Amino acid sequence: MIYAVAAGDRLPAVVAAVGTAGCALTALALPGRWPSLLPAGLAGVGGGYGVLVGLHSGVANGAAPAVAAALFAAAELGFWSLERGAARYERPALVRRLLGIAGGAVATALVGSLVLAAASGVSGGVGLEAVGVAAAALTLAAIAFLASRSSV
Amino acid sequence: MTHAATPKLGAYAGLAALGLLGALATRRPELVVLAAPFALSAALGLLLARRPQLDATVELAVDRALEGDELELRVQLQADAGAERVEVLLELPRELVVEDGYNPVLLRLRDGERRDLLFRVRCTRWGGFRVGRIYVRASDAFGLFRHETVLDRRVPLKVYPAEESVRNLLRPLETQVFSGNHVARQKGEGIEFADLRPFVPGDRIRRVNWRASARRGELWVNEHHAERNADVVILLDSFAEVRRGDRTTLDPALRAAASLAARYLRQKDRVGFVAFGGFLNWLLPSTGTSQLYRIVDAMLDTQIVLSYAWKDIDTVPRRTLPPQALVLALTPLLDERSQAALLDLRGRGFDLVVIEISPLSFLSTPEGELAELGHRLWRLRREAVRGRFERAGIPVAVWGDESSLAAALEEVSTYRRQARAVHA
């Protein structure tokens, strides 16, 4: 959120407002133990960055992979803190979980860099946009489909 | 095992959708980058999700322990299909405290892995327990699904009351017909000298008192007091109790009852047990170690059950209170029904001793003039009850935090010796 406010030169108040709202929701969700509120907070924090990049045109923001990694790590840690129970972690389980979050953040940064590199290498067009829409819709459909049969 | 998606799954799917739709709307790839980890996490978590198969056994190092003892409890976990995070909570009664080992604990179980969790448990209070209900909650590496189950692997554990130190036991006024350790008033086989009498045919030569025979010019023999056993009935007043935190007046009463039963049984007396209150529980007098276990087991079942029904001593089976038995009543003197029953017992000629379990240390200090006045009145009423008992010839010894059970018993012994001297 701080990065979004500091890096923005257009409508910084809007960027700050969206980001602050997200932070406030997150701050409410964590001590209040409201898991349904945490995604809204994360969406607000991400939304602040979204407003920043949405107000710009042209080249992609190079900080996006780092922001995505930070947001993902924050989400993981946030949901971890909301988990029920006060069980004491055995050291190997704790180390694995921390490494998992760190690995996820690093993977996010790497995948994000690849996505950005791929996106900057292609020029726009109706056909490509249609492919993007289809890919996004397919991704969401796949998640929805998996979730619907996720009786495990 | 129940299975459910965590809120994280919906949240990640929602964040991914929001990011991707935002990217489409704003035509910015950065938002795809933001949405990608959530989409990938959700998708991978859903693809790799599976049901863990977990089982557990519970082993106790011992099935009987004393108050204050520490014992080892082993939970063996078996994972046919493992899970990244398995949270294990061993349900324990309040009276059992984990001294060593983490409860609950979170660990990782691989497929086919077997893990032992060791707990060192301290028994803080007597009671009969069933230990070993295990709550298991497992989740996958992505934390998108939660699997919960309760494994009921309970095993019995009996925690006996700790023993109070008792130096001298109360001697019953009357003895029974079987041999034991009490010197009876009757003459018979024994080692305690009773009297001299002239020799009669059939007397053993070794009984001849040669010194007396030489002085009197004819054969005289020694007579001895027989050594007999006694019947002791421990009567526990379970009408009411005073409780403060985890401590109640029933605890010292049970400790005293167990200690006395063990000591009397050790000297070959027959010991019976009656829990007299809202819940009536009795055990006929008998001897031996097995009787001690029976008594202690019966004690563990003792609990204070609130009842408004008037109960008198007639509700106790007649055989439970054999004639000439020494009745040791352990009571906090809180309920009129038990007081009436004890006076009734005395009226029927039982050799009755009241050990009062003082509830004073269980009470908070009265605050305010009115509370203090009430407290003083209540203590005066208790004094009056003790006076009634003493007028009926029942010795009452107060056992509280300030004194030991041995001191209370000694007090009763002194009372009985003096009463006998006055009577004589």
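Trainee: Which strand of chain B does helix H4 (residues 250-266) run at about 170 degrees to?

Mentor: Good place to start! This is a predicted model, where local features need pLDDT of at least 70, side-chain atom pairs count only at pLDDT 80 or more, and totals for chains, interfaces and linings use all residues. Residues are numbered from 1 along each chain as its sequence is written, chains are lettered from A and ligands numbered from 1 in the order written, and side-chain values use heavy atoms, leaving out hydrogens and water. Helices (H or I, at least four residues) and strands (E, at least two) are DSSP runs numbered from the N terminus, and angles, from 0 to 180 degrees, lie between N-to-C directions of axes fitted to C-alpha atoms, for helices over the stretch in contact. H4(B) lies across six strands, S13, S16, S17, S18, S19 and S20, and the strand at about 170 degrees is S13(B).

Trainee: What is the order of the open sheet of six strands in chain B?

Mentor: Strands pair if DSSP finds at least two bridges between them. The pairing here is mixed, with S17 (281-286) and S20 (396-399) as the edge strands. The order is S17-S16-S13-S18-S19-S20.

Trainee: Which residue is the bridge partner of B:Glu356 in S20(B)?

Mentor: S19 (residues 351-357) and S20 of chain B pair in the parallel sense over four bridges. The partner of B:Glu356 is B:Val398.

Trainee: At what angle do H4(A) and H2(B) cross?

Mentor: Helix H4 (residues 64-82) of chain A and helix H2 (residues 29-48) of chain B have axes that come within 8 Å. They cross at roughly 35 degrees.

Key
Contact = heavy atoms within 4.5 Å.
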